[in-house]
Amino acid sequence: MQTYDALLEALADPMRREIVERLRRAPSAVSVLADGLPVTRPAISQHLKVLRDAGLVDFDREGTRNVYRVKPEGLGPLREWLEDFWQDALAAFAAHVNQNQPGGSNA
């Protein structure tokens, strides 16, 4: 099971974020992803391995090449963590408002 830590670590690298952004637009082979990027195809492949290990991308074999695509469900652990974080913030705000309104426990 992937954790949000693994996802944050994988997305910490700007090149990997760029690769994910490109794959969001369209599935692509390594050669297409490498076009216009300042790194080699082997470097792109290494970044894709990190993203794949994190569960963020996957590939389909098409002939002799692998076509990579984003796995939206791969962001699930990060989405859940952010949702929990947001819910905690909203609960703290609600408690603060309730405590500081007329008739609240601070009155």
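Helices and strands are DSSP runs, with at least four residues for a helix (H or I) and at least two for a strand (E), and they are numbered from the N terminus. The model described here is predicted.

## The sheet

In the hairpin of β2 and β3, two residues lie between the strands, and Gly63 takes a positive phi near 70°. The two strands of this hairpin, β2 and β3, are paired in the antiparallel sense over six bridges. Within that pairing, Arg61 stands opposite Asn66 in β3.

The hairpin belongs to an open sheet of three strands in the order β1-β3-β2, with antiparallel pairing. Because β1 (28-29) and β2 (57-62) each have a single partner strand, they stand at the edges, and one side of each is left without a neighbour in the sheet. Strand β3 (residues 65-70) is joined to β1 by two bridges, and these strands run antiparallel. Across this pairing, Ser28 is placed opposite Tyr68 in β3, and Ala29 is opposite Val67 in β3. In general, the strands of a sheet pair through backbone hydrogen bonds, either parallel or antiparallel.

Tyr68 also takes part in an aromatic contact. The count of aromatic pairs comes to one. This pair consists of Phe59 and Tyr68 and is tilted, with 5.4 Å centre to centre and 50° between the planes. The two rings' residues fall into separate exposure classes: Tyr68 is buried, because its relative accessible area is 10%, and Phe59 is partly exposed, because its relative accessible area is 21%. The cut-off that applies here is 20%, under which a residue is buried.

## Helices on the sheet

Two helices are placed across strands of the sheet. Helix α2 (residues 14-25) lies across β1, β2 and β3 and runs at about 90° to β3. Helix α4 (residues 41-53) lies across β2 and β3, running at about 115° to β2.

These helices also pack on each other. The angle between α2 and α4 is about 80°, and their axes are 10 Å apart. That angle makes α2 roughly perpendicular to α4. On the α2 side, Met15, Arg16, Ile19, Val20 and Leu23 meet Ile44, His47, Leu48, Val50 and Leu51 of α4. The residues of this contact of α2 with α4 divide into eight nonpolar, one polar and one charged.

A further helix pair is formed by α1 (residues 4-11) and α5 (residues 76-100), which pack at an angle of about 110° with their axes 8 Å apart. Helices α1 and α5 are therefore roughly perpendicular to each other. Their contact brings Tyr4, Leu7 and Leu8 of α1 against Pro77, Leu78 and Trp81 of α5. The residues of the contact of α1 with α5 comprise six nonpolar, no polar and no charged.

The table sets out the packing of the two helix pairs.

| Helix pair | Packing angle | Axis separation |
|---|---|---|
| α2 and α4 | about 80° | 10 Å |
| α1 and α5 | about 110° | 8 Å |

## Individual residues

Leu51 is found in helix α4. With a relative accessibility of 0%, Leu51 counts as buried. Apart from neighbours within four places in sequence, Leu51 is in contact with Ala10, Leu11, Arg16, Ile19, Val20, Leu56 and Val57. Leu51 and Gly74 are 23 residues apart in sequence, and their C-alpha atoms are 9.7 Å apart in space.

Leu33 lies in helix α3. Leu33 counts as buried, at 1% relative accessibility. Not counting residues up to four places away in sequence, Leu33 touches Ile19, Arg22, Leu23, Ser28, Ile44 and Leu48. Leu33 and Val20 are 13 residues apart along the chain, and a distance of 9.9 Å separates their C-alpha atoms.

Pro38 is located in the loop between α3 (30-34) and α4. Is this residue buried or exposed? Pro38 is exposed, with a relative accessible area of 72%. From Pro38 to Phe93 the separation is 55 residues in sequence and 45 Å in space, C-alpha to C-alpha.

Definitions and conventions: Residues numbered from 1 in each chain as written. Predicted model: local features only at pLDDT ≥ 70, side-chain atom pairs only at ≥ 80, totals over all residues. Heavy atoms only, no water. Phe/Tyr/Trp six-rings, centres within 6.5 Å; stacked < 30°, edge-to-face > 60°. Buried < 20%, exposed > 50% of the residue type's maximum accessible area, 1.4 Å probe, protein only. Pairing = 2+ DSSP bridges. Contact = heavy atoms within 4.5 Å. Axes fitted to C-alpha atoms, helices over the stretch in contact; angles between N-to-C directions. Parallel < 35°, antiparallel > 145°, perpendicular 65-115°, else oblique. Nonpolar A, V, L, I, M, F, W, Y, C, P; charged D, E, K, R; others polar.
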